[in-house]
Amino acid sequence: MRTLLVAGYLSIDTIATPAGREGGVPGGAALYAALAAARLARGTDLRVALLAAVGEDYPQDWLTALSGLGVGVERVERRAGPTRRARLEHDNEGGRRSSHYAQAQFWERTAALTPPVGDLSGASGIVAGPMPVAVLSDLVDRATCPVIADTSEAVASREGHALTALLPRLGVFAPSREETRVLLPGLDDDAAL
């Protein structure tokens with residue numbers, strides 16, 4: 001059986017929309033990537049496993065539910081302190097604001113909960129969610145398979161030069177249009193590609 005590792009962060013989110021606000025929602029790019037991969041892998045010989053760390057407050061029920069949906073959670077480490085908290089605000093025009101990026105505690109927990117890279121042998125592929133470039137670089141160094149990487153506007157803003165220097169070592173880089181604008185200001189989509 002082949003294994004796809006999804007490396008990144010899990011979070012406890014608050015989602016605000018014009019229709020209302022919902023707190024205590026499971027989130028994080030790694031969560032959504034793993035769920036999508038597990039859905040696509042049904043009926044194949046591909047196994048999907050998360051490579052992440054959570055705080056003491058991350059609900060065990062959520063990890064149990066992920067396992068029930070076909071996502072391996074044996075590489076999810078529980079660490080001291082709280083899990084990362086994210087706040088996503090959506091407006092009527094389709095815009096999104098991520099106010100958690102301005103909070104020092106978000107970045108402190110990002111450093112404390114870096115994915116446990118360790119031994120990557122046996123992975124057929126790795127999907128890396130937004131993470132500090134040093135962690136992504138370590139993951140790429142240890143990988144013996146292709147790495148598909150995503151980023152965030154916050155990482156692109158904070159570490160753009162280091163991230164673009166790492167691009168030739170990635171199997172695939174999958175930024176959003178907003179992230180591309182941060183990394184390559186002044187270029188249209190075709191030129192950025």
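Here are some short exercises on this predicted model, each with a worked solution.

**Exercise 1. Follow the strands that pair with strand 7.**

Task: Which residues are the bridge partners of I15 and of L88?

Solution:
- Start with strand 2 (residues 11–17), which pairs with strand 7 (residues 85–90) in the parallel sense over five bridges.
- Within that pairing, I15 has L88 of strand 7 as its bridge partner.
- Now move on to strand 8 (residues 96–98), which pairs with strand 7 in the antiparallel sense over three bridges.
- Here the bridge partner of L88 is S98.
- Finally, look at the connection: strand 7 and strand 8 make a hairpin with five residues between them. In its turn, G94 has a positive phi of about 90 degrees.

**Exercise 2. Trace strand 9 and its partners.**

Task: Do strand 1 and strand 9 run parallel or antiparallel, and what stands opposite L5?

Solution:
- Strand 1 and strand 9 run parallel and are joined by five bridges.
- Opposite L5 you will find I126 of strand 9.
- Strand 9 also runs parallel to strand 10, with three bridges joining them.
- I126 appears again in this pairing, with V147 of strand 10 as its bridge partner.

**Exercise 3. Place R2 in its surroundings.**

Task: Is R2 buried, partly exposed or exposed, and which residues does it contact beyond its neighbours in sequence?

Solution:
- Find R2 in strand 1 (residues 2–7).
- Its relative accessibility is 40%, so R2 counts as partly exposed: the class lies between the cut-offs of 20% and 50%.
- Setting aside neighbours within four places in sequence, R2 is in contact with D45, L46, R47 and S124.
- One of these, L46, is 44 residues away along the chain, yet the C-alpha atoms of R2 and L46 are separated by 4.8 Å.

**Exercise 4. Explore the aromatic rings and their charged companions.**

Task: How are F106 and W107 arranged, and which charged ends sit over rings?

Solution:
- Searching the whole structure gives four aromatic pairs.
- One of them is F106 with W107, an edge-to-face pair at 5.2 Å centre to centre, with 90 degrees between the planes.
- Both F106 and W107 are buried.
- Ring pairs also bring in Y101, linking Y101, F106 and W107 into a cluster.
- Over the ring of W107 sits the charged end of R158, 3.8 Å from the ring centre.
- Elsewhere, the charged end of R84 sits over the ring of Y9, 4.0 Å from its centre.

**Exercise 5. Look around H100.**

Task: Why does H100 count as buried, and what does it touch?

Solution:
- H100 lies in the loop between strand 8 and helix 3 (104–112).
- The relative accessible area of H100 is 4%, so H100 is buried, falling under the 20% cut-off.
- Not counting residues up to four places away in sequence, H100 touches R85, A86, R87, L88 and F106.

**Exercise 6. Examine helix 4 and the largest pocket.**

Task: What do the buried residues of helix 4 pack against, and which residues lie nearest the centre of the largest pocket?

Solution:
- In helix 4 (residues 133–142), the buried residues are V133, V135, L136, S137, L139 and V140.
- These pack against strand 1, strand 4 (46–54), strand 9 (123–128), strand 10 (147–149) and helix 5 (153–166).
- Turning to the largest pocket, it holds about 700 Å³ of space.
- Its lining has 38 residues, and A29, R96, Y101, P130 and S152 lie nearest its centre.
- Helix 1 (residues 29–41) supplies the largest share of that lining, with four residues.

How values were computed. Residues numbered from 1 in each chain as written. Predicted model: local features only at pLDDT ≥ 70, side-chain atom pairs only at ≥ 80, totals over all residues. Heavy atoms only, no water. Pairing = 2+ DSSP bridges. Helix = DSSP H or I, 4+ residues; strand = E, 2+ residues; numbered from the N terminus. Phe/Tyr/Trp six-rings, centres within 6.5 Å; stacked < 30°, edge-to-face > 60°. Buried < 20%, exposed > 50% of the residue type's maximum accessible area, 1.4 Å probe, protein only. Lys NZ or Arg CZ within 6 Å of the ring centre and 35° of its normal. Contact = heavy atoms within 4.5 Å. 1 Å grid on protein atoms, 1.4 Å probe; cavity = no way out; pocket = protein on both sides within 12 Å on 5 of 7 lines; lining within 4 Å. Points joined across faces, edges and corners; volume = space filled by probe spheres on them.
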